[in-house]
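Reader: Please give me a close look at the largest pocket, and set its walls in the context of the strands and helices around it. I would rather have one connected account than a list.

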Amino acid sequence: GAQVSIDAKRCSVVFIGQRRQVITLTKEVGIDIASGAILGDAMDTTANSSGVERVLVQILQEYKAVLALLSDNGSANRAADAEGIFQWEKGDGRIFSFPYHPQTNGFSEGLFGQFSRIVGPIDIDDTSRETIAASVAEIVWRVFIHFHNYSPRERLGGKSPLQYLREYLPRPEEVEAARRELGLA
């Protein structure tokens, strides 16, 4: 640990009811490069130094000995007072990636790609309170199911439920015993 990557991702919530409206928000996230643990986050309407600073304070609360902070060259990251938040061990622990080149900060970009794959589009049908509730519940369930299916379980030998299901081959005697217990034999 001790090396942190911070970046922002714009995401849109689309209201698809009677009057289509797109609301774009910016999520600022700080992650530990070694473990991938999310150490801080902030949501705002734009990328700004206030959001960056809120994330940096959360990182400091979680991990006191940050050696380096990797971020893009954006104005919000440059304006944030990282030096006022962190006490660097040796000089300036800030590393700025190349402008308009997200690959150099791939740690956060991978996180954002994973978010997009798991959560998918955020479409809210706002024609009634019931449809809003159903839209939000559907998104939350989609996320819950993903983590339920892909989180390792000790009782499954450290495998996730889907990994276990895809790899397990029952022995013929197990199949026969199951058929008898279900009254199918």
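The walls of the largest pocket

Author: Helix 4 makes the largest contribution to the lining of the largest pocket, giving six residues (helices, H or I of at least four residues, and strands, E of at least two, are DSSP runs numbered from the N terminus). The model is predicted, so local features need pLDDT of at least 70 and side-chain atom pairs count only at pLDDT 80 or more, while totals for chains, interfaces and linings use all residues. Residues are numbered from 1 along each chain as its sequence is written, and side-chain values use heavy atoms, leaving out hydrogens and water.

Besides helix 4 (106-119), at least two lining residues each come from strand 1, strand 2, strand 3 and helix 5 (129-150). The lining numbers 17 residues, and those nearest the centre of the pocket are Lys-27, Ile-38, Leu-111, Phe-115 and Val-119. By class, 13 of the lining residues are nonpolar, one is polar and three are charged (Ala, Val, Leu, Ile, Met, Phe, Trp, Tyr, Cys and Pro are nonpolar, Asp, Glu, Lys and Arg charged, the others, Gly among them, polar). The space in this pocket is about 430 Å³, a pocket being an open set of points on a 1 Å grid over the protein atoms alone, with protein on both sides within 12 Å along at least five of seven lines, and lining residues having an atom within 4 Å of a point. The volume is that filled by probe spheres set on points joined across faces, edges and corners.

Strand 1 (residues 3-15), one of the contributing elements, is paired with several others (pairing needs at least two DSSP bridges). With strand 2 it runs antiparallel over twelve bridges, Val-14 standing opposite Val-22, and a hairpin of five residues connects these two strands. Strand 1 also runs parallel to strand 4 (residues 68-71) over four bridges, where Ile-6 is partnered by Ser-71, and parallel to strand 6 (residues 122-124) over three, where the partner of Val-14 is Asp-123.

Strands 2 and 3 also have a part in an enclosed space, for there is one cavity of 30 Å³ or more (a cavity is a set of points where a 1.4 Å probe fits but cannot get out). That cavity has a volume of about 40 Å³, and the elements giving two or more residues to its lining are strand 2 (21-32) and strand 3 (38-44). Strand 3 supplies the largest share, three residues.
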